[in-house]
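Here is my notebook from a friendly wander through this model. I looked up how the chains meet and then how some helices pack.

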Amino acid sequence: MPSAEKALPFLFAAYTIIWVVVFGYTLSIGARQRKLAQDLDLIKRAIEKRAAR
Amino acid sequence: MPQEKPAVGPVPGLRPGRGGLNSIAVITFVLIAVAQYLIFMYVPDDATLGLIQRIFYFHVASAWNALLAFSVVFAASILYLSKGERRYDALALSSAEIGVLFTTLVLITGPIWGKVSWNQWWTWDPRLTTTLILWFIYVAYLLIRLAADEPEKRARYAAVFGIIGFIDVPIVFFSIRWWRTIHPVVITWQGAAMEKSMLQTMIVSFIAFSFLFVYLLIHRLRIEAMQDEVAQLKERLQGSRG
């Protein structure tokens, strides 16, 4: 059986990587949604301006 | 050849309001916290593999999510080809992206476990090899969408690829039963070969990751819906200019 001293850094690394990847992906989804929301806002305002003319 | 309908947004039932999404987020967070507690405080060390076996719970749960995600890609691809509705293409694409994410986690955590247990990062074992092939198939699926210019053609090619690519999923699952392998076989036809507390922890991890999958999928689908809305409004704006 591998010793606990040897296994601990690997176990720590595995769980850290899992959370960094999942958290990073969640943040990237949030960033993409924010960018699209800004784009939508801009286009809607442009359409409203055009309609007001 | 199906005509793509301009239906925007996810499949009904996968579009909860803000309150529903917050509830899923809270449930996911609590379940993951419970799973982490069980993994580090409740289950005993494995008699053969020792402390490092604790990677197992999230490693297998990630594999479960990948399986779930690629099954959704398969079903949504069939639905797209038969009904031609954009929402099924959006569902397949979103699920494929999440599937690749979790397969990546399987391919990272597996070798970490292997380094301690087998004293090597990688071996061309059937399970490892078929999982790597699975990852390449779905990365190719995502790349194929960049190749075709027309949205309909792109969605059709991707749907066909999503159906054919799924062939590797059962091969990955059965690889440790069909061929000689050094990968542990935990779930057998007779049930799960593990101690009761380990089984409980595995089930909680599976449920927690399933919620995580649904949460990520709903958010990813929102991106598709927003992109469609941007494209439609841009067309409207250009139309009013012309």
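**Entry: where the chains meet.** I began with the contact between the two chains, which takes 30 residues from chain B and 26 residues from chain A. Do keep in mind, as I did, that this is a predicted model. On the chain B side, I found that H3 and helix H7 (196-241) each supply at least two residues. H7(B) gives the largest share of that side, 13 residues. Sorted by class, the side of chain B that touches chain A has 15 nonpolar, 8 polar and 7 charged residues.

**Entry: H2 and H3 of chain B.** Next I turned to helix H2 (residues 56-83) of chain B and helix H3 (residues 86-117) of chain B, whose axes come within 7 Å and cross at roughly 155°. With the angle over 145, I call H2(B) roughly antiparallel to H3(B). I noted the crossing of H2(B) past H3(B) as left-handed. In the contact of H2(B) with H3(B) I count 19 nonpolar, 9 polar and 2 charged residues.

**Entry: H4 and H5 of chain B.** How do the axes of H4(B) and H5(B) cross, and within what distance do they come? For helix H4 (residues 126-147) and helix H5 (residues 151-165) of chain B, I have a crossing at roughly 170°, with the axes coming within 9 Å. That makes H4(B) roughly antiparallel to H5(B). From H4(B), I listed Ile137(B), Tyr138(B), Tyr141(B), Ile144(B) and Arg145(B), which meet Arg154(B), Tyr157(B), Ala158(B), Phe161(B), Gly162(B) and Gly165(B) in H5(B). The residues of this H4(B)-H5(B) contact divide into 7 nonpolar, 2 polar and 2 charged.

Definitions and conventions: Residues numbered from 1 in each chain as written. Chains lettered and ligands numbered in written order. Predicted model: local features only at pLDDT ≥ 70, side-chain atom pairs only at ≥ 80, totals over all residues. Axes fitted to C-alpha atoms, helices over the stretch in contact; angles between N-to-C directions. Helix = DSSP H or I, 4+ residues; strand = E, 2+ residues; numbered from the N terminus. Parallel < 35°, antiparallel > 145°, perpendicular 65-115°, else oblique. Left-handed = near helix turned anticlockwise from the far one by under 90°. Nonpolar A, V, L, I, M, F, W, Y, C, P; charged D, E, K, R; others polar. Contact = placed C-beta atoms within 7 Å.
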